[in-house]
Amino acid sequence: MQIQSMHFKARAGEKLADVRLQQNLKKLATKFVTGRANAITELDDFEGTRDAAAERRMRAIENLDVWLDTFEREAARRGVTVLYAETADDAAQLVVGIAKKHAVKKVIKTKSMVSEEMNLNHALEAAGIQSIETDLGEYILQINDNEPPSHIIAPVVHKDKEQVAELFARVHHRPPLTDIEQMTHEARQVLRPQFLSADMGVTGGNFLIAETGSVALVTNEGNEGMCTIMPPKVHVAVTGIEKVLPTLEDLATVMRLLPRSATGQSISNYFSLLTGPAAQGERDGPEHMYVVLVDAGRTGLIGGEFQDMLRCIRCGACMNHCPVYQKIGGHAYGWVYPGPMGSVLTPSYIGVENALDLPQASTLCGECHVVCPVKIPLPDLLRKLREKQFAARMRPGMEYLGLALWRFAAQRPLLYAVATRMAARVMKWMGGSKRLISHLPFAGGWTDTRDMPAPPGKTFRELYRKRMSNDEG
Amino acid sequence: MRVGLFYTCLIDTMRPEIGFSVLKLLESAGCEVVVPEGQTCCSQPAYNSGDREGALALAVKFLAEFEDVDYIVIPSGSCGGMVRVHYADLFADDAMLMARYGLIKSRIFELTEFLHDVLKLDAASIIGESGFAGRVTYHDSCCGLRELGVQAQPRELLSHVPHLQLREMKDCRACCGFGGTFSVKYGDVSTAIVDEKCANIRACGADAVVLGDLGCMLNIEGRLRREGDMHTRVLHVAQVLAGDV
């Protein structure tokens with residue numbers, strides 16, 4: 001995916017002005033926020049389960065090499081070819097290579113954010129291989145001129161059904177529909193022949209199970225089964241190296257949290273554990289199975305201050321609950337991962353210099369940390385990124401000047417007292433008879449849309465001192 | 001009991017009257033209130049801007065100023081969160097500072113925590129006589145709620161004020177969009193967030209929104225007034241409890 005994160009500010013402004021998007025984003029609160037709140041009450045010990053999941057994920061991350069080796073050995077034993085890619089581009093080329101080796105003309109895909117990192121569809125098309133998205137949301141985006149997803153689990157959450165109906169009518173050359181069920185039937189009719197004529201299926205991988213060499217897939221539409229078991233002779237799973245879990249028991253723990261945190265479901269409609277290609281005599285399964293494990297910046301986080309981010313299970317709860325994401329949606333973040341997790345991952349994977357706004361564009365309200373099923377301290381990580389930016393002089397000069405002046409004064413109480421006395425008086429004067437300041441220099445971002453309630457003109461410090469001297473006198 | 005009051009930089013400059021309401025509450029409950037003279041700021045603006053060095057200098061200053069009191073009371077969730085939660089991060093590399101901090105950490109309280117959990121203020125000891133009469137709604141400030149766990153205390157204290165009716169608004173736990181310098185750097189996003197807060201306040205039919213943090217206070221009041229709402233009052237919980245309204 002093209003990196004657009006440097007345009008965050010301008011794009012956020014456009015998104016705020018998009019009345020239709022604003023309406024569509026309201027779905028987040030009703031569908032995901034309420035859904036999750038209800039679903040987590042089903043667990044007797046939600047907090048304990050979160051702790052256990054975080055611990056189990058960290059156990060995998062802290063010995064990643066061991067568990068990846070175990071996964072590779074177990075998967076290979078069951079006939080899977082495991083390949084590693086250092087960069088996202090390398091990973092895309094590996095998939096292209098596999099397709100070429102098996103003379104593949106048509107690929108069908110499930111939703112995979114790692115494949116977005118890889119620009120996989122683009123790489124396949126460039127090699128003359130057709131690639132078709134079969135997740136309904138991703139399919140809608142693909143036929144809309146390859147629009148990028150705006151959410152990691154609900155890629156098309158920014159659109160309403162009327163927009164989809166319009167798009168279907170235009171692209172499918174059929175009369176426009178109004179009913180969602182009819183629309184899904186239409187998509188099914190269009191996609192069914194594609195499933196049946198594809199040579200290779202590409203999926204993501206929610207988790208890798210080391211002890212069995214399995215790939216775990218969590219979906220709601222059943223397209224995953226069509227991509228892996230039914231028609232294609234080749235199945236390629238692409239996923240990040242950090243997705244490994246040591247045991248099936250670990251998987252059981254995180255699966256208690258993933259669907260509940262993501263969509264408010266106790267369990268997703270489909271949940272598959274894919275363990276090797278079809279063995280002799282088995283009727284189901286592909287002839288060949290590959291797993292492409294993508295690094296693309298992940299090892300850079302191991303052992304460092306951003307390591308906690310690697311235990312992310314990609315549920316999207318952080319963005320669903322983020323007051324900023326709720327107002328601007330995912331596109332403004334400008335890369336694969338939006339919301340709080342994206343504001344940590346994007347600078348970590350593609351460089352903090354390519355995403356200057358993202359660590360800053362958060363109120364640090366902490367709700368993302370509260371809802372994260374694996375307790376990633378996202379606000380702390382964002383703050384650490386801010387520290388990196390500050391130290392590398394990536395912030396505007398005015399910010400350094402302002403902070404330096406404020407710092408200088410705040411460490412010198414006498415100077416600070418004089419400065420705040422003056423500020424209180426000036427602001428009182430600026431407020432006039434209404435006691436509201438409608439324009440503040442250097443804080444236009446505030447006063448463009450808000451008044452600043454003016455202070456009464458004397459500081460607490462001076463009033464308190466006066467009271468003390470009165471008491472004594 | 002010697003109670004050190006950290007009155008916060010925003011109360012100092014923007015709303016000194018709130019500082020006096022806090023004093024009134026503490027003194028009428030029998031506390032000997034100490035107000036260290038050299039205090040300025042808890043360092044949160046530096047900390048959240050990535051200026052760790054600047055934040056550490058002010059945290060050390062705070063430590064020296066408040067070491068010799070029995071309790072430290074802070075009438076703000078965000079300053080309270082900074083001092084009680086994040087100083088540990090700032091002091092992490094210095095065993096001496098950590099040890100000194102360890103001695104005061106458990107004695108640091110946000111105002112309503114202190115009034116409710118430590119002083120155990122009840123209906124009889126609330127000065128609500130001349131207090132606010134009408135419908136109020138409580139806005140949970142982010143740091144107070146999520147870093148300190150302040151949620152029940154202000155509500156229970158408010159329930160003791162006669163003639164005050166507490167009505168919960170929709171999404172009372174949601175951020176108001178202030179976020180310190182976020183509100184200036186991303187003023188438009190911040191405004192969209194506070195608009196939703198203001199709509200929820202109005203929808204619950206409250207005469208006043210009560211809160212425990214100056215940042216949220218200025219943000220919500222500033223937006224309400226700019227939008228022409230001159231009657232919904234925005235009050236600090238200390239003002240309401242002290243009857244200074």
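Biologist: What makes residues of chain B count as being in contact with chain A?

Modeller: In this predicted model, 51 residues of chain B are in contact with 50 residues of chain A, because two residues are in contact if their C-beta atoms, placed from the backbone, lie within 7 Å. Local features need pLDDT of at least 70 and side-chain atom pairs count only at pLDDT 80 or more, while totals for chains, interfaces and linings use all residues. Residues are numbered from 1 along each chain as its sequence is written, with chains lettered from A and ligands numbered from 1 in the order in which they are written.

Biologist: Which helix gives the most to the side of chain B that touches chain A?

Modeller: H12(B), with 7 residues; helices (H or I, at least four residues) are DSSP runs numbered from the N terminus.

Biologist: What makes 21 residues on the side of chain B that touches chain A nonpolar?

Modeller: Ala, Val, Leu, Ile, Met, Phe, Trp, Tyr, Cys and Pro count as nonpolar, Asp, Glu, Lys and Arg as charged, and the others, Gly among them, as polar. That side therefore has 21 nonpolar, 15 polar and 15 charged residues.

Biologist: Where do the domain bounds of chain B come from?

Modeller: They come from an automatic or database domain assignment, with domain 1 at 2–118 and domain 2 at 128–241. The C-alpha centres of these two domains of chain B lie 22 Å apart, and 27 residues of domain 1 of chain B are in contact with 23 residues of domain 2 of chain B.

Note on methods. Helix = DSSP H or I, 4+ residues; strand = E, 2+ residues; numbered from the N terminus.
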